[in-house]
Amino acid sequence: MIAFGLRLAVAGGREALTRLAVIAAAVAIGSGLLLTTLAGVNAVNAQLTRYASIYPSASTGGDADPLWWSTREDYFHGKQIIRIDVAATGSSAPTPVGIPTTPGPGEYYASPSLQKLLAAHPADQLGDRYPGRDLGTVGPAALTSPDTLLVIMGGTPDDVAGLPLAKQLTSVGETPALPETTMNLILGVIAGGLLFPVLIFIGTATRLSAARREQRFAAMRLVGATPKQISVVAAVEATAAAVAGTALGFLLFAAFRGSLAGIPFTGMPFFPSDMSLGVLDVLLVALGVPAGAAVAAQVSLRRVRISPLGVTRRVTPRAPRAYRLIPLLLGVGVLVFALGHRPETSDGQTAVFLPGLLLIMAGLVLAGPWLTMVGARVMARYASRPATLIAARRLADNPKAGFRAISGIMLALFVTSVAVGVITTIVANRGPAPIGSTEASTMSMHFGGEAPPVPDTLLTELRSTTGVRYAATVRENPDMMSASEPGLIACTDLPSAHGRCADGAGVAEVPTGLIPFRESALSTRVWPAASVPLGDLPRLPVMSIVVGTDGSAAAIERARTVLEIAYPTFWVGPNVPGDFESEFANTLRGWEQLANVTIIASLALGGCSLAVSVIGGLTERRRPFSLLRLSGAPVRVLRRVVALESAVPMLAVAVVAIGMGLLAAHLFLRAQMDYTLIAPGPGFYVIVVVGLAACLGIIASTLPLLERITGPETARSE
């Protein structure tokens with residue numbers, strides 16, 4: 001029966017070969033994306049493992065001499081530079097990952113990306129921060145990404161032991177420091193939003209010419225074939241195309257692996273070697289995809305198993321009921337409940353938000369046929385043209401079939417709308433300050449613990465630096481309990497861009513960086529007078545140094561370098577408001593980019609699913625359309641019917657999915673962060689519109705087939 005099934009799969013001539021090719025192409029795309037997802041998860045795990053070598057946990061066990069280690073963050077042009085200071089206490093001390101030997105005092109290793117920056121910029125902007133002899137590059141084993149900026153500085157044990165967060169290590173790079181659950185969950189959700197349209201595409205492709213195959217299998221039953229034999233033939237036919245498609249999917253993954261590694265899925269690109277597959281991953285795809293195709297073929301034969309005459313019945317399917325809306329409403333209700341009852345722990349929050357989002361996703365898929373039916377009935381009620389009425393009646397008679405091909409688009413648009421809505425709002429609230437604003441041009445260096453002295457010569461050097469407009473010190477407010485702000489500044493030193501003192505005041509209460517938290521600098525702001533006399537101010541410890549620049553990158557980096565040379569044991573490096581937020585915002589923008597890629601890919605796959613569905617529908621309805629043409633219906637009316645059957649549900653689904661996605665994003669933001677949703681930018685809507693237009697274009701490309709297959713000869717031969 002297997003050999004017979006293979007012969008039967010290609011016995012239909014060009015039509016059978018075309019159908020097998022379409023199925024194989026769909027499986028190739030699906031398996032390629034599945035391989036990419038599995039490799040992406042492995043790449044994330046590799047990144048987290050190397051992250052552990054940068055931020056290790058203290059370890060003192062074993063016989064090895066300890067290695068003093070301190071990790072700090074520096075910044076350059078809004079990018080984070082990871083600085084690691086190390087000092088070996090003996091010959092058996094462990095060597096940091098990625099370098100051949102531990103650097104000694106006055107020596108350092110730098111990552112390739114940092115070495116390029118050092119060579120491309122003047123020393124007073126960057127190189128002077130890392131004095132000493134360059135021993136070479138840090139290898140990929142210690143870098144989370146090819147773009148990572150990392151420097152490993154050598155020092156004496158006493159010097160490194162006095163640095164902030166210094167620790168002793170007897171081993172490095174063995175235990176991951178971060179849980180990978182969150183990143184894998186995010187990647188899995190995004191991949192699910194992308195793979196669901198692929199599965200729909202595969203399912204739609206396997207249903208191509210389903211009516212003819214059912215008739216063929218029914219005829220085989222009538223001449224004596226058993227249900228088991230029919231099942232074997234159907235499974236062989238589906239598996240043959242799936243095996244070919246899976247093999248092609250492996251070739252596609254191998255061809256594009258390097259390009260995929262360069263996409264910043266997590267805010268930073270991967271090394272190509274990170275996009276690797278394990279033996280279990282290969283077996284899962286190589287065996288699971290063909291097995292899934294065989295199972296799908298078995299499910300599609302349920303009518304043939306019931307009766308060989310079952311395929312001749314043309315009974316209108318039962319209409320969907322309104323109860324399909326229940327999961328959707330429950331999901332929204334869970335998120336509304338979280339507004340006033342947010343759990344305190346992260347596990348508890350996950351237990352509330354994740355089921356709520358999954359309920360909405362499942363509810364959208366379940367409610368889709370009912371929404372399609374309601375929309376079709378409304379369209380039929382107000383139809384003024386024959387094409388609109390015919391399309392509406394067909395959708396109302398079988399809304400499940402009308403919704404099936406676009407369900408992937410609906411889910412993908414929902415997932416990406418949630419992601420883009422959340423990311424856009426977080427970036428807007430916590431992203432870097434706009435370039436050119438007072439906030440972006442103001443640098444501050446905060447001192448924790450015992451504050452060091454600030455000599456006048458340092459302030460003089462800062463003020464004489466090219467591009468620096470002012471330099472001032474903010475001192476600790478001794479009256480912290482009743483003060484409105486933690487810092488004090490002499491009114492004569494207060495820059496006019498940050499406001500002025502109250503009338504008659506000599507000392508003002510100010511924030512440590514002269515800019516209130518989550519607010520902007522205002523020249524009209526009036527700072528309250530402090531109770532500390534002006535003469536006592538110099539005796540108070542310094543909390544921070546604030547430097548105002550002209551906003552140019554060169555001026556900011558010169559001032560930063562001067563401060564780091566003056567205070568080499570800094571805990572938090574000198575920074576402008578955008579520095580801390582830039583890494584966070586860039587990571588979020590990387591996920592936003594991935595969400596946009598998901599939208600484009602899912603819409604393209606949805607368009608292909610619609611095209612296959614349209615072709616299959618035309619093939620199965622050749623005789624009814626031919627009879628309509630014989631009765632006088634113009635071809636343009638039939639084309640309009642086919643276009644409306646596909647376009648109307650797709651556009652309606654897009655509106656519902658985006659609306660529900662933004663609603664879920666708003667409820668999540670209000671419950672989790674007390675943020676109000678900020679609508680995505682025009683780029684998001686442009687991508688959606690262009691994608692939907694491309695889907696419509698794909699549908700339109702199938703319409704010329706209508707005239708060729710609905711001629712008078714079809715009505716006579718069928």
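Let's start with a word you'll need all along: a residue is buried if its relative accessible area is under 20%, exposed if that value is over 50%, and partly exposed in between (1.4 Å probe, protein chains only). What you have open is a predicted model, in which local features need pLDDT of at least 70, side-chain atom pairs count only at pLDDT 80 or more, and totals for chains, interfaces and linings use all residues. Residues are numbered from 1 along each chain as its sequence is written, and side-chain values use heavy atoms, with hydrogens and water left out.

**Stop 1: a helix with two faces**

Select residues 112-120, which make up helix α3. Helices (H or I, at least four residues) and strands (E, at least two) are DSSP runs, numbered from the N terminus. Which residues of α3 are buried? Colour Ser-113, Leu-114, Leu-117 and Leu-118 to see them. Now look down the axis of α3: these buried residues fall within an arc of 140°, so they line one face of the helix. (The arc is that of the directions from the helix axis to the C-beta atoms.) Here's the background: an α-helix has 3.6 residues a turn, so residues three or four places apart point the same way.

Now pick out Lys-116, Ala-119 and Ala-120, exposed residues on the face of α3 turned away from its buried side. And what covers the buried residues? Strands β1, β2, β3 and β5 are among the elements that do, so to speak of the next stop is to speak of strands.**Stop 2: the six-stranded sheet**

Show the open sheet of 6 strands, ordered β4-β3-β5-β2-β1-β6, with mixed pairing. Two strands pair if DSSP finds at least two bridges between them. At the edges you'll find β4 (133-137) and β6 (167-169), each pairing on one side only. Ignoring direction, neighbouring strands here are turned by 30° against each other on average. For angles like this, axes are lines fitted to C-alpha atoms, for helices over the stretch in contact, and angles run from 0 to 180 degrees between N-to-C directions.

Select β1 (residues 67-76), which runs antiparallel to β2 and is joined to it by 10 bridges. One spot to zoom in on is Arg-72, standing opposite Arg-83 in β2. The two strands form a hairpin with 2 residues between them, and His-77 in the turn has a positive phi of about 55°.

Next, click on β2 (residues 79-88): 7 of its 10 residues are buried, so the strand is largely enclosed by the rest of the structure. On to its pairing with β5: is it parallel or antiparallel? It is parallel, over 5 bridges. Find Asp-85, whose bridge partner in β5 is Met-153. Met-153 also serves as the bridge partner of Tyr-108. That second pairing joins β3 (residues 107-110) to β5 (residues 150-154) by 3 bridges, in the antiparallel sense.

**Stop 3: charged pairs**

Time to show some side chains. How many salt bridges does a search of the whole structure find? The count is 12. To qualify, a side-chain nitrogen of Lys or Arg must be within 4 Å of a carboxyl oxygen of Asp or Glu.

Go back to Asp-85 and add Arg-72: their closest N and O atoms are 2.9 Å apart. Asp-85 sits in strand β2 and Arg-72 in strand β1, 13 residues apart. Both Asp-85 and Arg-72 are buried.

Now select Arg-129 and Asp-74, which meet in a salt bridge of 3.0 Å, N to O. Arg-129 lies in the loop between α3 and β4 while Asp-74 is in β1, so the pair ties together parts that are 55 residues apart in sequence. Arg-129 and Asp-74 are both buried.

For a contrast, jump to Asp-503 and Arg-500, with closest N and O atoms 3.5 Å apart. Asp-503 is exposed, with a relative accessible area of 73%, and Arg-500 is partly exposed at 43%. Then add Glu-557 and Arg-560 to your earlier selection of Asp-74 and Arg-129: salt bridges that share partners join these residues into one network.

**Stop 4: the five-stranded sheet**

Finally, display the open sheet of 5 strands in the order β7-β13-β8-β9-β11, paired antiparallel. Where are its edges? Look at β7 (442-446) and β11 (507-510): each has a single partner strand, so one side of each is left without a neighbour in the sheet. From one strand to the next, the twist averages 30°.

Inside this sheet, select β8 (residues 468-476) and β13 (residues 542-549), which pair over 7 antiparallel bridges. Ala-472 stands opposite Val-546 in β13. Last of all, bring up helix α16 (residues 456-463), which packs on the sheet and touches β8 and β13 (contact means heavy atoms within 4.5 Å), with its direction at about 150° to that of β8.
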